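Please walk me through this structure, step by step, for someone who has not seen it before.

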2 protein chains.
Amino acid sequence: MKYYGGIDLGGTNTKIGLLDTNANLIFSTSIKTEAIKGFEDTVDRICNAFKEEVRKNNINYDDIIAIGAGIPGPALDKRVCVGFANLPWPNDLKMADLIEEKLNKPCFIDNDVNVITLGENFAGAAKGYKDILCIAIGTGIGAGIISGGKIISGKKGAAGEIGHLVLVPNGMLCGCGHNGCFEAYASATGIERIANSELVVNRTSSLHELKKVRNIEAKDVFDAAKNGDILANQIVDKEADYLALGISHGLNLVNPSVVVLGGGVALAGDFLLDKVKKILPQYALSATLDGLEIKGATLGNDAGIYGAAYLAMTELGE
Amino acid sequence: MKYYGGIDLGGTNTKIGLLDTNANLIFSTSIKTEAIKGFEDTVDRICNAFKEEVRKNNINYDDIIAIGAGIPGPALDKRVCVGFANLPWPNDLKMADLIEEKLNKPCFIDNDVNVITLGENFAGAAKGYKDILCIAIGTGIGAGIISGGKIISGKKGAAGEIGHLVLVPNGMLCGCGHNGCFEAYASATGIERIANSELVVNRTSSLHELKKVRNIEAKDVFDAAKNGDILANQIVDKEADYLALGISHGLNLVNPSVVVLGGGVALAGDFLLDKVKKILPQYALSATLDGLEIKGATLGNDAGIYGAAYLAMTELGE
Ligand SMILES: [Zn+2]
Ligand SMILES: [Zn+2]
């Protein structure tokens, strides 16, 4: 059997796993990233943990073909980290070289959302598809796009930045500095900003009492909406409208066969998804909706490990 | 020398040419499409005209490797015409098979905007690039997207429909039936609709007298704006804003190295392009603007022949 390592480098924790070519997870473990100690230290600890798990699981090291890694930022040529928004590490870090040196196996890296997309393609909701739009809706919104079986990376690895499509010119301020981004409205953070702001003047919502105790979270809004709260339902309806508009831009530009929605907001499930599907025909060309499937992600937090291993597999043409 | 045929099937005229692998145009000719006579008749006349020109130019038929064709509608798998918006021909027409039978050479087809994009990549403004967004702004707006050297077609060949991104929810009606599409505002038709509508109430513009005689065209608006007309400049400024917004969506999603603007509206040149470049940083992520080039198309009406031949060349992996 051939094996591929998968590393999912996160701001707080880093997951490390090994998969076979049939998408069986042989092992997975996790370490603290502790980026503050420097990238050399983190890479050392990741590689040591990987080798230790390989030993413990009695895997012949020679059967491990290659390693993939997902990183929280854009990647170039599957080798270089262009920059990290949230880690105190230098730009243009040659992460693939570093890991190759330590593990003595070919290594390939890509942006974390691209890697999640590959994971869902390998073993999750997008299994068997070749044209995929995978959108992660959490504190931010990012997308991975697979076209004809290949991740679209773009010139600087910045493709898939669907969260920063300006849907509302002169709208709400986004973390990127622009106004009116998709992410400013439709991420969990966006829902929370809108809910907490509207509750300053709305005193009839069931969320009003909760707001006295703590800030409202996106999940509170969905829970209240499911229980019939009027304000919460208005917020969810707007959320569905922004999601439909943002998704429609992806549909019209790359015409995928499947849209996979992941991240915390997608956990709202069919309650949200059904609303999005209802609105989509207002925005997306009918040709792009013909036969389109829209699904929730299925791999959850493991998508990164699966995808990183699959990245290595596909880059080597297996 | 190896040669590739290029066919640019249009609603009124069809252009037919032959190129060598160095992008030298050996011949080009044109026939009336006369689609009303049926697709068999049109394909017959195209193929006969091609063979006649080959004879006249003393090209050895064996040196012709393959044929490409651009068609006015989406294409599937480089072989099948999904449907024609403006020709009275059946859906799912196996155009590549028809041409292969007549010409006895492998044939590949794609959507006309994709083919124009390939043309600009082969011999025009996008020569040497691998990540390209080419936008044709004429009576409508369409785009071709090349990522990592490959055209993005999507599941139903409907990728690149940038003209139908809804930029203004509940906005102006578009030909597709939706409201607020990019194309409804920023195509030549959009500019003309806006100008003719605003001239109903504006009597101070230099265009007012012209409007008494005939409908205002997009070129009239650009000419008047260049001459300092206030209303015309307002319309052009809004046009630049819509173009920047629409282009930014393409940049954020596929992160190209070059944007090529073609079609009648692009003939306004730097007067328009400079305004668009100035507004873009409001909408596009700075990472997508880093090193980005924005250029006018250079092949004009020949882009289709060049691109069709190049389609055949690339599909055969030459
Ligand atoms: Zn933003
Ligand atoms: Zn439209």
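**Two chains, a metal site and a helix**

In this predicted model, a turn of 180 degrees with a shift of 0.0 Å along the axis lays chain B on chain A, at an RMSD of 0.0 Å. That relation is the one a two-fold axis gives. Both copies use the same surface, since 100% of the contact residues of chain B recur in chain A.

Next comes the metal site. The zinc ion (ligand 2) has as its protein donors B:His164 through ND1, and B:Cys174, B:Cys176 and B:Cys181 through SG, at 2.0 to 2.4 Å. Along the chain, these donors of the zinc ion (ligand 2) follow the spacing H-x9-C-x1-C-x4-C. The angles among the four donor atoms are 105 to 123 degrees, and the site is tetrahedral; that label requires all angles to lie between 85 and 135 degrees. Two of the donors can be described by their accessibility. B:Cys174 has a relative accessible area of 6% and is therefore buried, the limit being under 20%. B:Cys176, at 29%, is partly exposed.

The last stop is helix α8 of chain A, residues 230-254. At 1.5 Å a residue, its 25 residues should span 36 Å, and the end C-alpha atoms are 36 Å apart, so the two values agree. Of these 25 residues, 20 are buried, so α8(A) is largely enclosed by the rest of the structure. At the N-terminal end, α8(A) is capped by A:Asp229, which has a side-chain oxygen 3.4 Å from the backbone nitrogen of A:Leu231. Just after α8(A) comes A:Asn255, with a positive phi of about 45 degrees.

Definitions and conventions
Residues are numbered from 1 along each chain as its sequence is written. Chains are lettered from A and ligands numbered from 1 in the order in which they are written. This is a predicted model: local features need pLDDT of at least 70, side-chain atom pairs count only at pLDDT 80 or more; totals for chains, interfaces and linings use all residues. Side-chain values use heavy atoms; hydrogens and water are left out. Copies are superposed by least squares on the C-alpha atoms of residues with pLDDT of at least 70 in both. Contact means heavy atoms within 4.5 Å. Donors are N, O and S atoms within 2.8 Å of the metal (3.2 Å for Na, K and Ca); water is not among the atoms, so sites may look incomplete. Four donors count as tetrahedral if all angles lie between 85 and 135 degrees; four count as square planar and six as octahedral if opposite donors are over 155 degrees apart and all others between 65 and 115; anything else is irregular. Buried means under 20% relative accessible area, exposed over 50%, partly exposed in between (1.4 Å probe, protein chains only). Helices (H or I, at least four residues) and strands (E, at least two) are DSSP runs, numbered from the N terminus. The expected span of a helix is 1.5 Å times one less than its number of residues. A polar contact is a pair of N or O atoms within 3.5 Å; within protein, one must be able to donate a hydrogen and the other to accept it, and residues adjacent in sequence count only if both atoms are side-chain atoms.
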